[in-house]
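Please look through the sequence and the model together, and keep both at hand while reading. The paragraphs that follow go from single residues to the ligand, and then to the domains.

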Amino acid sequence: MSDTQLLICGTAFTQEERDRLGAAHPALFVGGPDEMGSLDEGLRAGIRAVAFKGHTPFGGEAMDLLPQLGVIANFGVGYDAIDVTAASARNIKVTNTPDVLSDDVADLAVALMLAQARTMILGHAQAASGRWATEGAIPLNRKVSGSTVGIVGLGRIGREIADRLAAFKMDIHYTSRSEKETPGWTYHGDVVSLAKAVDFLVIALVGGPETKGHVSREAIEALGPRGVVVNISRGSTIDEGALLDALEARTIAGAGLDVFENEPNLDPRFQKLDNVVLQPHQGSGTVETRTDMAVLQLDNVSAFLAGRDLLTPVN
Ligand code: 8YV
């Protein structure tokens with residue numbers, strides 16, 4: 001058996017992130033859970049902690065290849081790639097990186113709303129190309145401040161988004177597992193009722209099987225022709241086919257999206273749309289926040305290997 005107890009798992013790690021983990025604990029590396037079997041059995045036998053980054057499924061089969069595994073420390077607040085039920089059944093703890101990224105993700109949600117409604121992509125092209133001088137101004141667009149927004153999921157990130165939009169004098173509506181202490185905001189028991197009541201629908205749900213397709217075709221239809229969908233959660237939380245149908249037929253006004261069903265290979269139907277603003281899943285992607293996430297992941301690994309309490313366990 002080898003002395004190396006940490007396995008860094010995921011091609012999504014930057015070299016700097018790998019170096020930080022490796023400097024704290026001698027570590028092995030694999031590109032993803034599906035490559036676990038390529039490690040020598042003797043090396044696998046010593047692994048007690050996995051630092052994981054990415055969105056490739058991490059299931060029970062991969063866990064079984066690491067007989068001493070006690071913790072999977074995820075880089076990210078969303079841990080839908082990890083089969084937590086399988087981990088718990090094997091007495092493996094899972095940790096994530098909550099809170100440290102909420103501000104950035106909420107900032108991007110607001111940016112997507114503004115960029116879509118104020119046609120900033122078109123405006124940039126007009127200014128940068130010189131067409132402003134030759135063709136004149138772009139068509140008038142759409143006021144955001146003071147309009148009505150629906151937040152789907154008022155968790156940590158949803159709350160940050162709502163707080164920002166309250167400063168935009170918006171009328172805040174939301175759904176969540178249960179009604180929260182939110183004076184002046186309107187709770188809805190289901191997403192269709194929420195969509196009917198608002199112009200902007202911002203999805204801030206956790207990913208995973210429980211929320212798959214939660215924003216349904218019916219909800220998208222209920223949003224109506226002035227409706228704009230913003231998604232910074234997971235592509236799986238909305239019926240993407242229904243969203244594309246509605247964007248193509250203009251039965252909704254548009255969308256601002258940071259997440260997609262099949263990342264990074266987007267459905268080619270997205271390329272033909274002029275009523276969307278698309279981002280490459282970069283909600284938490286600032287230098288500051290990615291550093292905080294990396295440090296929290298490492299702190300969880302270190303706590304486990306030293307026999308201390310985990311900082312942010314999810315099971
Ligand atoms: C990813 C994210 O962790 O935190 C999450 O749930 O989706 C992101 O911050 C990041 O893209 C690294 O995979």
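Contact here means that heavy atoms lie within 4.5 Å of each other. The structure is a predicted model, and a useful place to begin reading it is Asn-74, which belongs to strand 4, residues 71-74. When residues up to four places away in sequence are left aside, Asn-74 touches Phe-52, Tyr-79, Ile-82, Thr-95, Asn-96, Thr-97 and Gln-297. Asn-74 counts as buried because its relative accessibility is 3%, and the cut-off for that term is under 20%. A polar atom of the Asn-74 side chain also lies 2.9 Å from the backbone oxygen of Gly-78.

Gly-78 leads on to the ligand, since a polar backbone atom of Gly-78 is 2.8 Å from an oxygen atom of the ligand. The side chain of His-281 likewise places an N or O atom 2.8 Å from an oxygen atom of the ligand, and for His-55 a polar side-chain atom lies 3.4 Å from a ligand oxygen. Taken on its own, the ligand has 330 Å² of accessible area, of which the protein covers 91%. How many residues surround the ligand, and which are the closest? There are 13 of them, and the closest are Val-77, Gly-78, Arg-234, His-281 and Ser-284. By residue type, the shell around the ligand consists of 6 polar, 4 nonpolar and 3 charged residues.

Another residue to inspect is Ser-233, which sits in the loop between strand 10 and helix 11. Is Ser-233 buried or exposed? Ser-233 is buried, because its relative accessible area is 6%. Its side chain makes a polar contact of 2.6 Å with the side chain of Asn-231, and a further polar contact, of 3.0 Å, joins the side chains of Ser-233 and Thr-237. Beyond residues up to four places away in sequence, Ser-233 touches Ile-203, Ala-204, Leu-205 and Val-259.

The loop that holds Ser-233 runs between strand 10 and helix 11, and helix 11 itself spans residues 240-249. At its N-terminal end the helix is capped by Asp-239, which has a side-chain oxygen 3.3 Å from the backbone nitrogen of Gly-241. Along helix 11 the buried residues are Glu-240, Ala-242, Leu-243, Leu-244, Ala-246 and Leu-247, and among the elements that cover them are helix 10 (217-223), strand 10 (228-231), strand 11 (254-257) and strand 12 (276-278). After helix 11 comes Arg-250, whose phi is positive, near 55°.

The domain assignment offers a wider view of the chain, with domain 1 made up of 6-98 + 288-305 and domain 2 of 102-278. The C-alpha centres of these two domains lie 32 Å apart, and the contact between them takes 6 residues from domain 1 and 6 residues from domain 2. Glu-288, where the second segment of domain 1 begins, is found in helix 12, residues 287-305. Because its relative accessibility is 58%, Glu-288 counts as exposed. Although Glu-288 and Asp-104 are 184 residues apart along the chain, their C-alpha atoms are separated by 9.5 Å.

Terms used
Residues are numbered from 1 along each chain as its sequence is written. This is a predicted model: local features need pLDDT of at least 70, side-chain atom pairs count only at pLDDT 80 or more; totals for chains, interfaces and linings use all residues. Side-chain values use heavy atoms; hydrogens and water are left out. Buried means under 20% relative accessible area, exposed over 50%, partly exposed in between (1.4 Å probe, protein chains only). Helices (H or I, at least four residues) and strands (E, at least two) are DSSP runs, numbered from the N terminus. A polar contact is a pair of N or O atoms within 3.5 Å; within protein, one must be able to donate a hydrogen and the other to accept it, and residues adjacent in sequence count only if both atoms are side-chain atoms. A residue is near a molecule or strand if one of its heavy atoms lies within 4 Å of it. Accessible areas come from the Shrake-Rupley method with a 1.4 Å probe; for residues, only the protein chains shown count as cover. Ala, Val, Leu, Ile, Met, Phe, Trp, Tyr, Cys and Pro count as nonpolar, Asp, Glu, Lys and Arg as charged, and the others, Gly among them, as polar. Domain bounds come from an automatic or database domain assignment.
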